[in-house]
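Trainee: Could you take me through one part of this model in close detail? I would like to see how a single side chain sits among its neighbours.

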Amino acid sequence: MATIEECRAALGRLSDNLADAEGGVRSAAALNRSLSCRITDLDVTFMGRLENGRITVLDTHPGPPREKAEIRLALSGDDLVAMVDGELNFAKAWASGRVKLEAGLRDLLRLRSLL
């Protein structure tokens, strides 16, 4: 099972990947939205922002998100690490229910190129 530190590091690598992206992926990630990432097996939530193609983690706390973020992600720590490392396909994990992504319709349409 991935640790909290491994999950935080995976979010950092994801942020780096988004910042280094080009073209349509870069423009899709250029949102300015609040973000929550709930790690279900660790019962911890990372709260932060997706802003100009970077993810900034502002807070980590136990349990579910305390407030509703504009973009909400929920998955296991192992799945987060595997997705960032390219070992797990997001679309397949999302379709099978292993990963949950919630956002407004416009944001989902923009984020689809990231997925």
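**A close look at Asp107**

Mentor: Happy to! Leaving aside residues up to four places away in sequence, Asp107 touches Leu31, Arg33 and Ile71. Keep in mind as we go that this is a predicted model. Asp107 belongs to helix α5, which covers residues 105-111. Its relative accessible area is 8%, so Asp107 counts as buried, the cut-off being under 20%. Of the neighbours just named, take Arg33 to begin with: its side chain makes a polar contact with the side chain of Asp107, at 2.9 Å.

Now follow Ile71, another residue that Asp107 touches, into the strands. Ile71 has Ala103 of β5 as its bridge partner. The two strands involved, β4 (residues 71-75) and β5, pair in the antiparallel sense, with four bridges between them.

Stay with β5 for a moment, as its side chains are a nice thing to trace by eye. In a regular strand, side chains alternate between the two faces of the sheet. Strand β5, residues 100-103, shows this alternation: Leu101 and Ala103 are buried and point to one face, whereas Lys100 and Glu102 point to the other face and are not buried. Ala103, then, is both a buried residue of β5 and the bridge partner of Ile71, and Ile71 in turn is in contact with Asp107. That gives you a path to trace on screen, from the helix residue to the paired strands.

Note on methods
Residues numbered from 1 in each chain as written. Predicted model: local features only at pLDDT ≥ 70, side-chain atom pairs only at ≥ 80, totals over all residues. Heavy atoms only, no water. Buried < 20%, exposed > 50% of the residue type's maximum accessible area, 1.4 Å probe, protein only. Pairing = 2+ DSSP bridges. Polar contact = N/O pair within 3.5 Å; in protein donor to acceptor, adjacent residues only side chain to side chain. Contact = heavy atoms within 4.5 Å.
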